[in-house]
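Me: Can you walk me through how the pieces of this fold sit against each other? Take a look first.

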Amino acid sequence: MRDIRNIVVLTGAGISAESGLRTFRAEDGLWEDHPVEQVATPEGFRRDPDLVQRFYDERRAGVMAAEPNAAHRALGRLDAEFSGDLLIVTQNIDDLHERGGASRVLHMHGEALSVWCTSCDARHQWHATLRDGPPCPACGEPAMRPDIVWFGEMPYRMEEIFRAISQADLFVSIGTSGAVYPAAGFVQSARDHGARALELNLEASLGSRFFHETRLGKASELVPAWVGEVLG
């Protein structure tokens, strides 16, 4: 670990599961309640905007009620104490990394507590409902939608992510299924550029074979232990 100067961490829904936020693909996951096509595509939003707004109103309320767990706090410690380059790329739409103390965070799939006005392209922090079609604070148009990357849309800041991966000495994946691209392909990109690859997960992901090492267990136990190794 003494030779590690540049770390990219990818986090998925598994890191927030211990904070009470449901994952998407588990047996009790969110996609069991609603088909993806209904609530996570532009077409679904055009077809039934009220359903989609209700779905993300519930996600927003859940995020605000949740608290960071030991894994989030450990990454916050890493952010504060690691003197090298660090980027935490999260697929999660919650703000638990930030509330856990991390600032070097990139939300590639958007944020539950942010809204996007499709009329003026402004983004705003938002904690209330969108079901009543409130006006955009910038332009006044009732054209706001969740600031979430839906299926069929391009994840945010991909150039920045791949640039960081190309410079990483260590790539770490935490709590991901390995099923959703482009994030599922990050480990291969990291290895192509010479990085070591470590997986911390409750169970082996679909991409476990691409990692140099996989550690299985709860994120709240694995992540603090790994951060302790890094900070030594």
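Reply: One term up front: two strands pair if DSSP finds at least two bridges between them, and strands (E, at least two residues) and helices (H or I, at least four) are DSSP runs numbered from the N terminus. This is a predicted model, where local features need pLDDT of at least 70, side-chain atom pairs count only at pLDDT 80 or more, and totals for chains, interfaces and linings use all residues. Residues are numbered from 1 along each chain as its sequence is written, and side-chain values use heavy atoms, with hydrogens and water left out.

Me: Which residue in S6 stands opposite Trp-116?
Reply: Strand S4 (residues 110–117) runs antiparallel to S6, and four bridges join them. Cys-117 has Met-144 as its bridge partner in S6. For Trp-116, the residue opposite is Arg-145.

Me: In what order do the three strands form the open sheet?
Reply: The pairing is antiparallel. S5 (123–125) and S6 each have a single partner strand, so they stand at the edges. That gives the order S5-S4-S6.

Me: Is strand S6 largely enclosed or left open by the rest of the structure?
Reply: Buried means under 20% relative accessible area with a 1.4 Å probe, protein chains only. Five of the five residues of S6 (residues 144–148) are buried, so the strand is largely enclosed.

Me: Are H6 and H10 roughly parallel or roughly antiparallel?
Reply: The axes, lines fitted to C-alpha atoms over the stretch in contact (heavy atoms within 4.5 Å), come within 7 Å for H6 (residues 70–81) and H10 (residues 219–231), crossing at roughly 15 degrees. Angles run from 0 to 180 degrees between N-to-C directions, and those under 35 degrees count as roughly parallel, over 145 as roughly antiparallel, 65 to 115 as roughly perpendicular and the rest as oblique. H6 and H10 are therefore roughly parallel.

Note on methods:
Buried means under 20% relative accessible area, exposed over 50%, partly exposed in between (1.4 Å probe, protein chains only).
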